[in-house]
Amino acid sequence: MLYFLILLALASRATCQLYHLADVGPYDELSAEELDNAYRNLGTYLGREFISTHYFLPKHLVTSIFRTDSLTRVVHAVLEVPAKKDRQNALFPRFARVALYTPGEPLFTEYIVGTRQNIVNVTEVRTIPSIKRPVDEIESDNLQGFLYNVCSGEFGKFLKQYYGASFLYASSSAPESTECMKDEKSTENPASYPACLFGMYASPRVTMKKPSRRVTTFRLNRFIPPYNQHPIGVHITIDHTDIDPHNWQVDGVFVQGKEFASVEDFLKFKSQFPNFFEESKVPAMPFKKNHTVQMGPDLCPMTQTNNRHRNYQDVFSGSIVNKHVRYGPWSFHLGVRHETGLRIYDVTFNGELIMNEAGMDETVTIYGGDTPFMQSMTSLESMYGVGSLTSELSPGVDCPENAIFLSVPIIPSLSLRSKTVHNGICIYESSADVHDGAIRRHYQEFADEYFSSNSGYGAAKVEQIKVYAEEERMGFDMMNMEVGRLYKESEGRLKGGDPLTRTAICLASNETPQRCLSIVNAATMPSIVTKTASRSFAWIRESVWFTKYKAEELRASSIYNGIDLTDPVVDFATFSNNESLEGVSIYYFTAYDKQIDFVPLLCMHFRPINFRMALYFRRDQK
């Protein structure tokens, strides 16, 4: 269902923005041409012919008849952003990181591939167990087809009788079974079809109970926006480990609070106890008055219908060229990564580099409940490609009417290749926080996100500053501060929560006052998750982590971590041992509700996290 909803989100484009820049930035995702060049170069390197959108023919093809789901195919392709030493002044050759999977093979392989035409520059990076691969369009379409078959026949009659609905079979390109869309209760705007059911899935999961199996639990929902708010109480778990969908099996059925080993067991129970289950044909629609489409004329202020695309310097005192923003003493590059979304690169203050890269490295959402779906909903969002879900921002709704909007290339799916979100980023001046953030963006109370910031602050040191009352004078507390330095990674795992303690990254010099980047983390405590359950997101156990910068430890997670939570491809816990924090480090902030990544490498539980230039005086300094 994921790809079908993406198509809905991208179905319309913004045309009413007043200030718009279509500039191409150095950190933009791969273009369609770059993807094609990378695939052809990889095919030449492997001695295999690249065909169609992302498939490769076998080396010794003896027939022209073949099934695409049996071919070697790309399951992941993104821009490879190199380590900081290889991208001075945002200048670096553009390479693609391509993951190639052959059905039936125990491992799939990642390559770094040049994106220039007919220049075969290929490096094999690593091999990964195939069971950990992300769900691509072929597997997603096959799961939709399998689920459609399960929801047909006698079980389909039950759904129609008790819920007045049938399953909507939607492939990655278009709905294929639309009978339920003809229901008289359906509406055109927004897309609402209460007689249609779709399968919302938790992450495919490899568990300790079934370490060699690939299992996904689907929850049947009515097709009513918001699309995740209308479940009918039916859950179906599918074991789709085998490469042949004909060998997939239903691993369990959950209906109105009761579990069954199979559809057959459920139907047998229902025939014996026909009054056990309740009918629910008329769906509750508490959000009906608040329904909005993703974009449309109603979301574009009428004041912007004329004189569009003016000079943005009418409303912005800085400059924006190829997504390089200059504003006062600050400058930085913007980009949207496929896995993690918006990132900020090469942050300078008065011409001095203070941060190489900052962005949300990972988001984990941990749910709970008494249904199989909710119990399996520990979800690492990078596996879905957060950047690929970028949708159009609406002037006057998501951003002020006079904001500057930047186009963003994304890769919504491997068959759709590269597309442009025309209002992907907005920039505007503001002298105060506005409603604690954007006007309408998704907010989840129980999510943890990992913010990683890659900081290049020259020869740096990490210090903690504790402010305290030393004495009283004329009825007022006289404040002083105590500075403690963190020398080892083992000292750099901080719980946080003390409002009087500040952490700062300071230049390792004897200058007075010290020039520092102050980090204010408002999170009061880390999430309470066991080590076994959080191996794929170990950063969740502390508020702040400091680790030594290493080119091979640039990412604290990976798109493969979300499939097998017990054996992650990137194990963040190994980043922090007892190495020195002298020089350049990386900071990770784990934020309660949100999470972040940082160089030095930093991890935090994230309510608001603020980075501020600061001057600090020691106790003996005037």
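This briefing walks through the nonpolar cores and the disulfides of the structure above. Keep in mind that the model is predicted. The largest nonpolar core holds 32 residues, and a second, separate core has 24. On the cysteine side, the count comes to two disulfides: C180 pairs with C196, and C399 pairs with C426.

**The largest core**

- Within this 32-residue core, L159 and L220 are the residues with the most contacts.
- Helices and strands both feed into the core: the elements giving two or more residues are helix 3 (137-150), helix 4 (153-163), strand 9 (193-201), strand 10 (215-223), strand 11 (231-239), strand 12 (249-255) and helix 5 (263-272).
- Helix 4 gives the largest share, at five residues.

**A closer look at L220**

- If you skip the neighbours within four places in sequence, L220 still touches a good list of residues, including L147, C151, L159 and F167.
- Also among the contacts of L220 are L197, F198 and G199, plus H230, P231, I232, V234 and I236.
- One of those partners, C151, has a relative accessibility of 7% and counts as buried.

**The second core**

- This one is separate from the largest core, and its 24 residues include L35, L46, V74 and Y345.

**Disulfide C180–C196**

- The two sulfur atoms sit 1.9 Å apart.
- The torsion about the S-S bond is about 105°, so this disulfide is right-handed.
- C180 lies in the loop between strand 8 (166-167) and strand 9, while C196 is in strand 9 itself, so the pair ties together parts that are 16 residues apart in sequence.
- Both ends are tucked away from the surface probe: C180 is buried with a relative accessible area of 4%, and C196 is buried at 0%.

**Disulfide C399–C426**

- Here the sulfur atoms are 2.2 Å apart.
- The torsion about the S-S bond is -85°, and the link is left-handed.
- C399 lies in the loop between strand 19 (378-380) and strand 20 (404-413), and C426 is in strand 21 (residues 417-427), so the bond joins parts that are 27 residues apart in sequence.
- As for burial, C399 comes in at 2% relative accessibility, which counts as buried.

Terms used. Residues numbered from 1 in each chain as written. Predicted model: local features only at pLDDT ≥ 70, side-chain atom pairs only at ≥ 80, totals over all residues. Heavy atoms only, no water. Core = buried A, V, L, I, M, F, W, Y, C linked by side-chain atoms within 4.5 Å. Buried < 20%, exposed > 50% of the residue type's maximum accessible area, 1.4 Å probe, protein only. Helix = DSSP H or I, 4+ residues; strand = E, 2+ residues; numbered from the N terminus. Contact = heavy atoms within 4.5 Å. Disulfide = S-S within 2.5 Å.
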